[in-house]
Each structure stands twice: as structure tokens, then as C-alpha cells.
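Please walk through this protein model, moving from its overall make-up to individual helices, strands and loops.

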Amino acid sequence: MTGRSLATRACERLDSMKGAGASVPERLKRGSLPAPASWRGMDATILVVEDDRNIGSLVRTYLERDGYGVLWVRSGEEGLAELERHALSLVVLDVGLPGIDGFEVCRQIRARAETPVIMLTARDEEVDRVLGLELGADDYVPKPFSPRELVARVKAVLRRAQPQPPADVLTLGEVELRRGAREASRAGAALDLTMKEFDLLACFMENAGLALSREQLLEQVWGLEFPGGTRTVDQHVAQLRAKLGEALRIETLRGVGYKLVRP
Ligand code: CA
């Protein structure tokens, strides 16, 4: 559990919470929009915000054909509401919408979530492209587009949005950590660390330069279920400091916790 950054774990936790809360939207249950057979249980659910019936239907068909779950709404307001209700993998967002436009929807999505956004627009102007990207859109597809191209772009953006596996080798100054092999060395010489010291050092190195509270360290290294107190963290930090010597400096932040100083 030490192999992942605090941010990654926080996101994962958020995702699993969102996933657990996801349910079939009321509107789909009521049948005003047909619920695609493949919608439930899909890994990737894509929200399509498009008021044009033909384009929306085409996009949905192609995405479903590729195995994605699709929620299709026709206004930005509905799109933002869906974003609150579901764990979505990506948003395909038209610019020209009734009510608030796609740019404003994109701005509001970015203010509250990391969900990737691909913008569709009929206005094939450089200024729109730039505005869309500046607002945090991940890609931009000018209309008219081929549905196959859109699906290819969806795949590419989803691929990019995948969390990267943590690096196997962490290096900071003279200290090198090989996670897979669970080996640590200082200037090439092996460091003899216990399992928890190793995990603690990995956590510090991943978050070098950042203040970490004792509670964060406890959670990362020992897990939430650990019954002991934060004194355990202090003891292990002391042991780690003794073994690291001058190689890396772990600062005590009064009232906060610890920080590994970047060499
Ligand atoms: Ca439109």
C-alpha cells in the first residue's frame, strides 16, 4: 500500500465512493430515455451532452458498440446534474447547447472534477479551440466529425487519464529504493531497513517536499485499521533518521508532522 501517492489513493477512494453511490438515474428508469442494455456494470460510463438528436444518437450508438456505457442528456444543466450523480469516465460535450453553453459547462466541470472532457463544436475556429483547451478540455473535435474518429479520441483520452502505475525505482539524492525487490541503498551500499521503515521511506520519497501529518503516515504505511497511535510513527521516523544519516533529512514540523526535505 505504500506504492501509491497520497493523491492517487485519495482519488481511488473518491472513485470507489462515487461508484458505490451510482445508480440508474430516475429518468432512465422512467423510460423517457432508453437505457442501453450495456449501461449497468460497465467500467467506463460516458456522458454525452448534445442537443442535436441525430448527432447524439449516432455518438451513443458508436460508443455503445465499442462497449462503453452511455448517458445522453440534451442540456448543460442536465449534464452537470448527471456529473453529481454518477462516477463518469469522460464527458463528450457539445459547445452549442440550449441554456448554458458547452464552454460554461466545461468550466463548471473543471471547477469540481477531474473528469476528462472532449468538446464538440460546429464553430471550427481557432479561437474556440484555444478557449476550449484553456478551459481544461482534453480534446476538441470539430463538426462534422466521423463517429469512428470520435471513438478513437475517446479511447486516447481515457488511456491518458489512466492513473500511471507507481515507479518501481525511487531515487532522491544518494538514496535509491527498489520497490519490487524491496531493496534500499545509499550511494550504492545496501540500507538495512525493516518492512515498515522501508514503507515509511517510500511514502516520504513519493511525497518529498510535502508536509505529511502523523495520521497520513499512519494511514499510508500501517493502514487505517492500525490500532496503535501516532507514537509509532515518531519511533519509526527516529529509526529511519538514524539509518539515513546525512543522506536524507526528515524535518519535524511542529504541530503538523514531518517533511522529507528535497536534497
Ligand atoms: Ca448543438
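The paragraphs below begin with the whole chain and then turn to particular elements and residues.

The model is a predicted one, and local features are considered here where pLDDT is at least 70. The protein has 10 helices and 12 strands, and buried residues make up 28% of its 263 residues. Among contacts between residues at least 6 apart in sequence, 60% join residues at least 24 apart.

A useful element to start with is helix H3, which covers residues 53-65, has 13 residues and reaches 18 Å from its first C-alpha to its last, close to the 18 Å expected at 1.5 Å a residue. Its residues Ile55, Gly56, Val59, Arg60 and Leu63 are buried. Because the buried residues of H3 fall within an arc of 130 degrees when seen down the helix axis, they line one face of the helix. What do the buried residues of H3 pack against? Their packing partners are strand S1 (45-49), strand S2 (69-73), strand S3 (90-94) and helix H7 (147-161). The face of H3 turned away from the buried side, by contrast, carries the exposed residues Arg53, Asn54 and Arg65. After H3 comes Gly67, which has a positive phi, near 95 degrees.

The link between H3 and H7 can be followed further through Val151, a residue found in helix H7. Leaving aside neighbours within four places in sequence, Val151 is in contact with Tyr62, Leu63 and Asp66, and Leu63 is one of the buried residues of H3. The C-alpha atoms of Val151 and Arg65 are separated by 9.9 Å, although these residues are 86 residues apart along the chain. Is Val151 buried, partly exposed or exposed? With 16 other C-beta atoms within 10 Å, Val151 is partly exposed, since a residue counts as buried at 20 or more such atoms and as exposed at 12 or fewer.

From here the reader can turn to the strands, and in particular to strand S4 (residues 117-121), in which 5 of the 5 residues are buried, so that S4 is largely enclosed by the rest of the structure. Val117, Met119 and Thr121 point one way from S4, while Ile118 and Leu120 point the other way, and all are buried. On one side of the pairing pattern, S3 is joined to S4 by 4 bridges, and these two strands run parallel; within this pair, Val91 stands opposite Val117 in S4. Between the two strands the chain crosses from S3 through helix H5 (residues 102-112) to S4, and this β-α-β crossover is right-handed. S4 also pairs with strand S5 (residues 139-142), again in the parallel sense and over 4 bridges, and here Pro142 in S5 is the bridge partner of Thr121.

Several of these elements meet in the nonpolar interior. In soluble globular proteins, nonpolar side chains tend to be buried together. Here the largest nonpolar core has 31 residues, of which Ile46, Val91, Val92 and Leu93 touch the most other members. The elements that give two or more residues to this core are S1, H3, S2, S3, H5, S4 and H7. Not counting residues up to four places away in sequence, Val91 touches Leu47, Val49, Gly79, Ile109, Thr115 and Val117. A second, separate core has 21 residues, including Ala184, Leu200, Phe204 and Val233.

The loops hold some backbone details that deserve a careful look. Lys143 and Pro144 are joined by a cis peptide bond, with omega about -5 degrees, and Pro144 has its place in the loop between S5 and H7. Where is Arg182 placed? Arg182 lies in the loop between strand S7 (175-178) and strand S8 (183-186), and its phi is near 50 degrees, a positive value in a residue other than glycine. Arg182 is exposed, with 12 other C-beta atoms within 10 Å. Ala187, which lies in the loop between S8 and strand S9 (189-191), likewise has a positive phi of about 50 degrees although it is not a glycine. Ala187 is exposed, with 10 other C-beta atoms within 10 Å.

Note on methods. Residues numbered from 1 in each chain as written. Predicted model: local features only at pLDDT ≥ 70, side-chain atom pairs only at ≥ 80, totals over all residues. Expected span 1.5 Å × (residues − 1). Arc of directions from axis to C-beta. Contact = placed C-beta atoms within 7 Å. Pairing = 2+ DSSP bridges. Right-handed = clockwise from strand over helix to strand, strands pointing away. Core = buried A, V, L, I, M, F, W, Y, C linked by C-beta atoms within 7 Å.
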